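Biologist: Please take one part of this model and go through it closely, starting from the whole chain so that a newcomer can follow.

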Amino acid sequence: MSRGTAEAPGRPTDAQSRTVLDQAAHENFPVAPFFLPRAWRGDLMAVYGFARLVDDIGDGDLAPGGGDAVLLGLERTQSDDRLAMLDALEADLHRVFSDRAPGPRHPLMRRLGPTVRHCALTPEPFVGLIEANRQDQRVSRYAGYADLAAYCELSANPVGRLVLGITGTTSPERIRRSDEICTALQIVEHLQDVAEDLARDRIYLPAEDMAQFGVTEADLAAPSGSAAVRALIAHEAARAGDLLDAGAPLVGSVHGRLRLLLAGFVGGGRAALRAVAAADHDVLPGPPKPTKLSLLREVGATLRREG
């Protein structure tokens with residue numbers, strides 16, 4: 001189907017994939033910054049497109065009209081059936097890794113194919129991201145930190161492993177450091193989005209920690225955080241900061257522009273934590289966001305510290 005052809009609303013075209021990719025500019029952390037080699041940028045955007053599509057399915061944030069459902073071989077009316085959509089997406093993922101016809105259906109999955117082949121990526125990280133979103137449909141509360149960390153193993157850590165795979169820098173030590181950084185960044189995002197997640201009937205603060213600090217679900221629904229809520233957020237923020245520090249030596253283990261990219265991830269996480277602290281750990285009115293200046297300072301400090 002021609003990219004230049006006008007289409008009726010909801011009809012499956014590459015417009016759906018472009019809409020998804022356009023969201024990269026609004027992410028907390030750089031997806032494929034300009035200073036990276038063009039090949040890396042293309043591959044990172046291909047992976048981002050897949051990850052964004054998975055999250056949009058899992059969160060019910062797909063474009064209206066059912067176009068993505070049709071692209072994945074389902075009826076338009078199944079667009080709101082998140083588990084059916086995730087199953088169809090996983091089936092399309094397997095087509096990406098198969099040499100047999102037919103190839104993948106969705107434009108974002110077709111875009112992923114060349115990246116998978118020339119970077120020799122494996123299905124496991126992609127399947128993990130899908131399974132994390134399946135878990136979001138079944139699990140809305142986490143009893144302990146270990147349960148949350150296991151969720152992050154599916155929802156966040158695959159992204160770092162894919163970055164290592166795309167840049168050809170995978171090693172057991174780097175995977176371990178990357179997992180620490182990615183889990184930390186996921187926790188930071190959960191802290192920023194407590195109110196938004198609660199509106200989706202999800203709580204990513206461990207129940208055992210909530211009990212320890214005397215925080216109830218009703219407390220999280222308040223317009224602003226009580227002293228107990230802010231103490232809980234400070235506790236989780238400290239845990240995320242420790243994980244970032246543990247994973248940060250990954251930055252110094254690589255060279256050139258990749259070092260700057262990884263410093264951007266670590267520095268971005270540290271800047272977000274500083275923004276949470278600057279808000280006195282009151283995240284309920286809305287997600288505290290770092291300024292561009294504070295982000296640049298944290299990236300610079302990370303490069304000096306880990307370089």
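Modeller: A residue is called buried when its relative accessible area is under 20%, exposed when over 50%, and partly exposed in between (1.4 Å probe, protein chains only). By that rule, 51% of the 307 residues of the protein chain are buried. The model is predicted, so local features need pLDDT of at least 70 and side-chain atom pairs count only at pLDDT 80 or more, while totals for chains, interfaces and linings use all residues. Residues are numbered from 1 along each chain as its sequence is written, and side-chain values use heavy atoms, with hydrogens and water left out.

The protein chain has 16 helices and zero strands; these are DSSP runs numbered from the N terminus (helices H or I, at least four residues; strands E, at least two). Contact means heavy atoms within 4.5 Å. Among contacts in the protein chain with a separation of 6 or more, 67% join residues 24 or more positions apart.

The part to look at is helix α8, residues 157-167. Nine of its eleven residues are buried, which leaves the helix mostly covered. The buried ones are Asn157, Pro158, Gly160, Leu162, Val163, Leu164, Gly165, Ile166 and Thr167. They pack against six helices: α2 (38-59), α5 (107-118), α6 (124-138), α7 (145-155), α9 (172-192) and α15. Just after α8 comes Gly168, with a positive phi of about 65°.

One of those partners, α15, also belongs to the setting of α8. The largest nonpolar core (buried Ala, Val, Leu, Ile, Met, Phe, Trp, Tyr and Cys residues joined through side-chain atoms within 4.5 Å) has 74 residues, and Phe50, Leu89, Phe126 and Leu205 have the most contacts inside it. Helix α15, residues 256-278, gives the most to this core, with nine residues. Like α8, α15 is mostly covered, with 17 of its 23 residues buried. From its first C-alpha to its last, α15 reaches 32 Å, close to the 33 Å expected (1.5 Å times one less than the number of residues). Asp280, just after α15, takes a positive phi of about 60°.

Leu205, named above for its contacts in the core, touches Tyr142, Leu191, Val194, Met210, Leu220, Leu232, Ile233 and Glu236, leaving aside its neighbours within four places in sequence.

Another partner of α8, α2, is followed by a loop leading to α3 (67-71), and Leu62 lies in that loop. Leu62 counts as buried because its relative accessible area is 15%.
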